[in-house]
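Let's take a walk through this protein, starting with how it divides up and ending inside one of its sheets. Keep the 3D view open as you read.

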Amino acid sequence: MKNFLLAVSILTAISPTLSFANQFFLAWPTPNPSFAKGLGYSNFLQKTGPDKDFTSGAYGCVRNHGNKFHEGLDLFPINRTPEGIAEDTIFSAMSGTVAYICRSPTDSAYGKYIVLEHEQFTPVLYTLYAHLEEIHQNLTHRSQVVVAQPIGKMGNTASFRIPLNRSHLHFEVGIRLSNNFDKWYNRQRFRTPNKHTNYNGYNLVGLDPLKFYSSYQKYSFSSPRSYLLKLPTITKVQINFSQTPDLLLRNPSLLLNPEYNESVKSWVCSFGPFGFPLNFEKSSVSLKQQITVLSYDEKNDSQFCRRMIYKKNGKLFPSEQLIAYLELIFLD
Ligand SMILES: [Zn+2]
C-alpha cells in the first residue's frame, strides 16, 4: 500500500523528476483507488456485457465461456461527463520510455494505444494502454516518462465497436519477444500488413497484472525479476538453435548459465503460466527433433485456452501457441 501512495505522491506532492526513474515503483494506471484500497474486482474491472461476471474484465481464459484468452485488464472509468463520456486520466505504471504510439483509432483492435518499455528494470517489461480517446501530444517515440505521469485519456477506440457505456482502459504488463517481428509476421498467412512494428500484440506476452500488482503491494519487490522468480514453470522444452536470441541479448537476466563455454547447439526454455518466458539455459546437445518437451505441469496449465502442450497417444507436443512463441524467440 505504501508504494501506491508513494507513486501518487510523486504526482501530487512533488513535481515528477527523473530521480525516480531507476527506482522500482508501480502506479495504478487509472485514478480509481479501489485496488489500492483492497476492494474487490467489481470496483474496477469492466465486464464485457451487462449479464456477464466482473471477471470477464480480468486476465486469463475469461472470454467466450473460457475458450478465449484476455491478455490484460479492462478497467472502467470513475469520471464521466453528463453525456457519459469517460474522463479518466491514464497514468504510466512505471518509469520508462515511449516505445510505440498508434494514434489511429481503427488500425488495431487496441484502438489508439501507447506502449512503454521499462528498460531500466530487469527484465525489460512493456506496459500497454489501449482504447484511448487521447494520447498526450507531447509524447513521441523515445519520450521519457516517470511513474504515474499522465499519458492520455480513457476512451472506447478500437477496430471494432465498443459502446460508450463500456469505455475502459485495456492494460497489459509483459515482455516483448522479438526485435524482428516483421520477419516472423511476413512468414504467416495474414491478410493485412503489420502496421505496428515490434509492438503488434502477437509479439507481446502479458502476465497477470492483478497478481503482479498484488505481489508488489505485499512484498514491495525491487525489480520485476523478483516477481518472475516466484512464478511456477508450466513447461520446459529444448529447441535446437545455435545463435543467441535477441530476447536474451536484451534481457540477460533470463539466462541461467551465462558462463557456459561450450558451443551452443540448443536451448532449454522454461515457460510459466500462459506461456510467459521465465528462463533459458544454453546446451551443447543437439536433439533429434527440433523441439523436445522435457517437462509439463498439466494440472497448472490453463484449462481452456492458451494451453502450452497437448497430448497425443500418450506423448507430449508443443501447442500452436507455444510454437509461435518459440518461432518468435528463436527467429533465424
Ligand atoms: Zn481488454
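What follows goes from the domains to the side where they touch, and then to the strands.

First, a reminder that you're looking at a predicted model. The domain assignment splits the protein into domain 1, covering 2-219, and domain 2, covering 231-329. Take the centres of these two domains over their C-alpha atoms and you'll find them 27 Å apart.

So how many residues of each domain are in contact with the other? Domain 1 brings 18 residues to the contact, and domain 2 brings 18 as well. On the domain 1 side, three elements give two or more residues each: β1 (60-63), β2 (68-70) and β12 (204-207). As for the chemistry of that side of domain 1, its residues come out as nine nonpolar, eight polar and one charged.

Now for a sheet. As a bit of background, strands of a sheet pair through backbone hydrogen bonds, and they can do that in a parallel or an antiparallel way. Here you have an open sheet of four strands, and its pairing is antiparallel. Reading across, the order is β15-β14-β13-β16. Which strands sit at the edges? Those are β15 (277-283) and β16 (291-296), each of which pairs on one side only. From one strand to the next, the twist averages 20°.

Let's zoom in on one pair in this sheet. Strand β13 (residues 235-240) runs antiparallel to strand β14 (residues 266-271), and six bridges join the two. If you'd like a specific spot to click on, try K236: its bridge partner in β14 is S270.

Technical notes
Residues are numbered from 1 along each chain as its sequence is written. This is a predicted model: local features need pLDDT of at least 70, side-chain atom pairs count only at pLDDT 80 or more; totals for chains, interfaces and linings use all residues. Domain bounds come from an automatic or database domain assignment. Two residues are in contact if their C-beta atoms, placed from the backbone, lie within 7 Å. Ala, Val, Leu, Ile, Met, Phe, Trp, Tyr, Cys and Pro count as nonpolar, Asp, Glu, Lys and Arg as charged, and the others, Gly among them, as polar. Two strands pair if DSSP finds at least two bridges between them. Axes are lines fitted to C-alpha atoms, for helices over the stretch in contact, and angles run from 0 to 180 degrees between N-to-C directions.
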